[in-house]
Amino acid sequence: MQVVTRFAPSPTGFLHIGGARTALFNWLFARHHGGRFQLRIEDTDRERSKPEAVEAIFDGLRWLGLDWDGEVLFQFSRADRHAEVARQLLAAGKAYYCYWTPEELTAMREAARAEGRSGYFDPKWRDADPATVPQDVPPVIRLKSPRDGETVVQDLIQGEVRTANAQMDDMVLLRADGTPTYMLAVVVDDHDMGVTHVIRGDDHLTNTFRQLQLYQALDWTPPAFAHQSLIHGPDGKKMSKRHGAVGAEVYRDMGFLPEAMRNYLLRLGWSHGDDEIFSTEQAIEWFNLENVGRAAARFDMEKLTVLNGHYIRHTEDHRLVDLLAPRLAAQIGGPLDDTARARLLRGMPSLKERAKTLVELAESALFYVQPRPLMMTDKATKILDAAGLNVLKHLSESLADCPWTRDDLEAEARQFAEKNDLKLGKAAQPLRAALTGTNVSPPIFEVMEILGREEVLARLEDARGAT
């Protein structure tokens, strides 16, 4: 048997971080078993489904590197097939026409609530004489759910879970306007797609009981079910907008690497011994459902940020330049030229040691690509006081003919400092402020070597002239 999993989001908004983890688990399980990972867009709610949300889901999955197999299935396009199955059940006597109006159902529900009853549905039409049905009420089609016994889920994460059939009413399969319900569409689509394993959040567990009843009525073999815990915020409550970023694309814009995000989401509810950091290949090799925990996992932004810093430090320099280029181009108002990219590449080994996100990395790298004259921070301006400018004036003269290596440049600065009875920092800090526009940077003599003699002397002249 080939393993087939699916990710089936509703296109009503962004790719939620919880949905991203569900997609990751399904993707890893399929890849681990050499199976198929399929994508289905559950767009039957036409009022809430948005084309831009579909694109956001696609973009989020692509950014995370979760490639799907085959064409995307759009659930709404299969409405005729869903209706066909409902009518098959009707013909087989396993479903029935129900004539309760929405107003009558509401009244039943309110009466039950007032009396403290959990169940409210009256199955009057389940075995009604056709001659007694109203002719002016368009009926829905409901499943004849079993009334006795239990429905049992042998869950691959939660273990055996049971519910009494008496607790469930006869669910609607086809609405009065002929459109299928979510419950029917999901079962038919999973069956027709050949899905063998449904891995999803444990908030779907109640749906699973109903869906199993439908599988039984259709004499179809159900998939194996695995319900993972939800992701909670630091306060222990379900992850939501009040906790900050919840959409995958937001984390991309915040400067997180997709491989770091995958690693973090995988460890958010799954474990492999004491391993915390692992490659995609290792994740595919090691992933199983046995090590998925039942308890809710708490999202920790600080841990994600630290992990992202690790991945940045171990990312190839050329790739980081490519990732930073659009961010930096937006800041300087135009694309980076070859000189700017070459400086970035040479400076990247030092730059990436300090950064935990691509946003931080771009901020620290900006001085390499900024056009002259540089914008100065307040702290840089304070450094370039009269004493600082005097240092720049004399250093500029001695640097003009200095051999241009970081060691030679540092030796020249040390000699200048000793000659003028200064600590090296008193010479290095004005250089840093003038050459980077800030008071923090990679080693300044490395920066000078990378910028080159002409650019360094020009920036020093700009700094002196600006005041």
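These questions and answers walk through a predicted model.

User: In which order do the 3 strands of the open sheet stand, and in what sense do they pair?
Analyst: Strands of a sheet pair through backbone hydrogen bonds, either parallel or antiparallel. Here the pairing is parallel, and the order is β1-β2-β3.

User: Which strands stand at the edges of that sheet?
Analyst: An edge strand has a single partner strand, so one side of it is left without a neighbour in the sheet. That applies to β1 (4–7) and β3 (73–74).

User: How many bridges join β1 and β2?
Analyst: Phe7 of β1 has Leu39 of β2 as its bridge partner. β1 and β2 pair in the parallel sense, and the number of bridges is 4.

User: Which residue stands opposite Arg40 in β3?
Analyst: Strand β2 (residues 36–41) pairs with β3 in the parallel sense over 2 bridges. Opposite Arg40, in β3, stands Leu73.

User: At what angle to β1 does helix α1 (residues 17–32) run?
Analyst: Helix α1 packs on the sheet and touches β1 and β2. Its direction makes an angle with that of β1 of about 165°.

User: Which strands does helix α5 (residues 182–192) lie across?
Analyst: Take its direction first: α5 runs at about 150° to β2. The strands it lies across are β1, β2 and β3.

User: Which residues cover the two faces of β1, and are they buried or exposed?
Analyst: One side carries Val4 and Arg6. The other side carries Thr5 and Phe7. Both faces are covered, and these residues are all buried.

User: How many residues of helix α8 (residues 258–267) are buried?
Analyst: The buried set includes Glu259 and Arg262. It also includes Tyr264 and Leu265. The helix is largely enclosed by the rest of the structure, because the buried count is 9 of the 10 residues.

User: Which residue with a positive phi follows α8?
Analyst: The phi is near 120°. The residue is Gly269.

User: What is unusual about the phi of Asp219, and is the residue buried or exposed?
Analyst: Most residues other than glycine have a negative phi. Asp219 has a positive phi, near 60°. It lies in the loop between α6 (205–218) and β10 (224–228). Its relative accessible area is 64%, and the cut-off for exposed is over 50%, so Asp219 is exposed.

User: Where does Asp421 lie, and what is its phi?
Analyst: Asp421 is in the loop between α16 (406–419) and α17 (424–436). At 72% relative accessibility it counts as exposed. Asp421 is not a glycine, yet its phi is positive, about 55°.

User: What is the omega of the peptide bond from Arg372 to Pro373, and is that bond cis or trans?
Analyst: Most peptide bonds are trans. Pro373 sits in the loop between α13 (358–369) and α14 (378–383). The omega of the bond from Arg372 to Pro373 is near -5°, and the bond is cis.

User: Is Ser145 buried or exposed, and which residues does it touch?
Analyst: Ser145 lies in the loop between β5 (140–143) and β6 (150–155). Its relative accessible area is 1%, and buried means under 20%, so Ser145 is buried. Not counting residues up to four places away in sequence, it touches Arg126, Asp169, Asp170, Met171 and Gln213.

User: What separates the C-alpha atoms of Asp155 and Leu205?
Analyst: Asp155 is in strand β6 and is buried, with a relative accessible area of 5%. Leaving aside neighbours within four places in sequence, its contacts are Leu205, Phe225, Ala226 and His227. Asp155 and Leu205 are 50 residues apart along the chain, and their C-alpha atoms are separated by 9.3 Å.

User: How do α16 and helix α18 (residues 444–451) pack: parallel, perpendicular or oblique?
Analyst: Their axes are 8 Å apart, and the angle is about 125°. That makes α16, relative to α18, oblique.

User: What is the handedness of that crossing, and how do the contact residues of α16 and α18 divide?
Analyst: The crossing of α16 and α18 is right-handed. α16 contributes Arg406, Leu409, Glu410 and Ala413, while α18 contributes Phe445, Glu446, Met448 and Glu449. These contact residues divide into 4 nonpolar, no polar and 4 charged.

Terms used: Residues numbered from 1 in each chain as written. Predicted model: local features only at pLDDT ≥ 70, side-chain atom pairs only at ≥ 80, totals over all residues. Heavy atoms only, no water. Buried < 20%, exposed > 50% of the residue type's maximum accessible area, 1.4 Å probe, protein only. Pairing = 2+ DSSP bridges. Contact = heavy atoms within 4.5 Å. Axes fitted to C-alpha atoms, helices over the stretch in contact; angles between N-to-C directions. Parallel < 35°, antiparallel > 145°, perpendicular 65-115°, else oblique. Left-handed = near helix turned anticlockwise from the far one by under 90°. Nonpolar A, V, L, I, M, F, W, Y, C, P; charged D, E, K, R; others polar.
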